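Trainee: Could we go through this model together? I would like to reason from the residues to the overall picture.

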Amino acid sequence: MVMPTVLTDRIAPLDFPEYANNHVFMKKSLNNAFFNRHDHHGHHDGQAVGQSPKQVIGEALRQRVENIDHESCDPGEEDTFYIADLGEVYRQHLRWKRNLPRVKPFYAVKCNADQTLLNMLSALGTGFDCASKTEIEQVLRMGVEPSRIIYAQPCKTNSYLRFVASKGVRQMTFDNPDELRKIARFYPDAELYLRILTDDSSSLCRLSLKFGASLDSTDGLLALARELGLNVVGVSFHVGSGASDPQAFHKAVRDAHWVFQQAATHGFHLKTLDVGGGFCSDSFEEMAGVLRNALDDYFPAHSGINLIAEPGRFYASSAFTLACNVIARRTIEDASGRDASYMVYINDGLYGNFSCIMFDHQNPEAKVLRAGGRMLYNTPAAEAAAGGSGIEYSIWGPTCDGIDRITESIRFHTELDVGDWLYFENMGAYTKCSATTFNGFSNEHDVVYICSEPGARALLGWL
Ligand SMILES: *Cc1c(COP(=O)(O)O)cnc(C)c1O
């Protein structure tokens, strides 16, 4: 093991045999390892009293990187690692509750299936949106009731349908007649959500190219469901992952209401609306405001309709900070021989946790964590230099492929060299879940778990 002193864990899901009744019990050996060993303020109760979240994260980063000497360490000791702040997950949950108090979140597991993150969400009482047997098993293994899971994949595998039938995971989505016939064969008692098409043209990752029933097909689908004796209980939609147009929510809610009325003509009294995911942290209040108004107009509280959602990135993104080591540097002299720029190569890239650049259209922003032996986390010197000042860098991943470039051009006032560290915030969504082992680089990285929200520590059993 690389670091004997920090609370670390591997990406691979862990078993928590002590887990019961939706409470999380961390393995004793993990308890407080981080705060008790590293609390330089002397709070031996393990609480980060009086520290801001950034201070807690900065301290965890410092402890880790200052213990690594790239001149003498074993292979892999300088590997990329994450700091996961479960306090941030807790704060995002409060933000959700404040803005969408009527909507129960079912976290979209595909976004980041980190076990401790799921434990936190389970303790907060969220449901889970799963799309495969593995995701469903992972959530069931935590002791979560099958009713807190929605199998939100409109095109399911036959054998997985038989699997969920055996486990009693009843809620699932559909959007086409073939799927209805499949469900009629393998799980006729399922509780079905008709997923409708939305206008997702303003979203980062369009989903309606692949999924969703158009409004001129819903009548036929409802008629077929009735004929097959199936149980349609609601409507779902997804405005696209990384949505940017709040009106997409308004229109989708209006369309869903129309389908609720249409379903009634087929004898289905739908009871739940699922407003999907797509919420980004930056625009959340604005999006949620539009959604809340639309829900109040079309599905007011007195209608008795249950409201659920499937947020993924909203909960995961900001909780994870990634630290990467500079493993190589190439100096580029300009023609005048004066303004050298550098190509820096770090130990994570597009085939690793930066797969989000390819798959999720993200633009991770490099900051300087440690350079020339100085910790710069969360200081002005960590930030990119403005307006053509400073030294120019391009940032590359460790593989041999030319597309493995993280940043084409960025400037820092600091000179970066081999052994220095960079960090990237907001790296919790669609990052490690789609990382590969291309070229023999690991996709399993240590995660240092912290909780900057003292009140939330008990939820994790970190008392
Ligand atoms: C990916 C996905 C989500 C989560 O989307 P986010 O943009 O991360 O909120 C929710 N529901 C379904 C069906 C999805 O495919």
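**Helix H4 and its surroundings**

Mentor: Happily! This is a predicted model, and H4 makes a good start: 9 of its 10 residues are buried, so the helix is largely enclosed by the rest of the structure.

Trainee: Which residues of H4 are buried?
Mentor: Being buried takes 20 or more other C-beta atoms within 10 Å. In H4 that applies to Gln 115, Thr 116, Leu 117, Leu 118, Asn 119, Met 120, Leu 121, Ser 122 and Ala 123.

Trainee: Which residue just after H4 takes a positive phi?
Mentor: Most residues other than glycine have a negative phi. Just after H4, a phi of about 95° belongs to Gly 125.

Trainee: Is Lys 110 buried or exposed?
Mentor: Lys 110 sits in the loop between strand E3 (103-108) and helix H4 (115-124). UniProt, in an unreviewed entry, places the feature "modified residue: N6-(pyridoxal phosphate)lysine" at Lys 110. Because Lys 110 has 21 C-beta neighbours inside 10 Å and the cut-off is 20 or more, Lys 110 counts as buried.

Trainee: Which residues does Lys 110 touch, not counting those up to four places away in sequence?
Mentor: With the sequence neighbours of Lys 110 set aside, the contacts that remain are Ala 131, Glu 135, Gly 312 and Cys 433.

Trainee: Which residues come nearest to the ligand?
Mentor: The shell divides into 7 nonpolar, 7 polar and 4 charged residues. Of the 18 residues around the ligand, the nearest are Ala 108, Ser 241, Gly 277, Glu 310 and Gly 312.

Trainee: And Cys 400, is that residue buried or exposed?
Mentor: The unreviewed UniProt entry gives Cys 400 the annotation "active site". Its place is in the loop between strand E15 (391-396) and strand E16 (405-412). Cys 400 has 8 C-beta neighbours inside 10 Å, and 12 or fewer is the limit, so Cys 400 counts as exposed.

Trainee: Let us turn to the core. Which helix gives the largest share of the largest nonpolar core?
Mentor: Of the 133 residues in this core, Leu 86, Leu 192, Leu 194, Val 232, Leu 369 and Leu 422 touch the most other members. The largest share, 8 residues, comes from helix H9 (residues 247-265).

Trainee: Which domains each supply at least three residues to that core?
Mentor: In soluble globular proteins, nonpolar side chains tend to be buried together. Here the core draws at least three residues from each of domain 1 (8-85 + 319-453) and domain 2 (86-316).

Trainee: What does Leu 422 contact beyond its neighbours within four places in sequence?
Mentor: Leu 422 is among the core residues that touch the most other members. Leaving those sequence neighbours aside, its contacts are Cys 324, Val 326, Ile 346, Ala 366, Lys 367, Val 368 and Leu 369.

Trainee: How far apart in space are Asp 255 and Tyr 298?
Mentor: Asp 255 is found in helix H9, and it is buried, with 20 other C-beta atoms within 10 Å. Asp 255 also touches Ile 196 and Leu 215. Asp 255 and Tyr 298 are 43 residues apart in sequence, yet their C-alpha to C-alpha distance is 9.8 Å.

Trainee: One last point: what is the phi of His 361?
Mentor: His 361 lies in the loop between helix H12 (355-359) and strand E13 (366-371). With 13 C-beta neighbours inside 10 Å, His 361 counts as partly exposed. Although His 361 is not a glycine, its phi is positive, near 55°.

Key:
Residues numbered from 1 in each chain as written. Predicted model: local features only at pLDDT ≥ 70, side-chain atom pairs only at ≥ 80, totals over all residues. Core = buried A, V, L, I, M, F, W, Y, C linked by C-beta atoms within 7 Å. Helix = DSSP H or I, 4+ residues; strand = E, 2+ residues; numbered from the N terminus. Domains from an automatic or database assignment. Contact = placed C-beta atoms within 7 Å. Near = placed C-beta within 6 Å. Nonpolar A, V, L, I, M, F, W, Y, C, P; charged D, E, K, R; others polar. UniProt positions renumbered as here; feature names shortened; annotations may be inferred.
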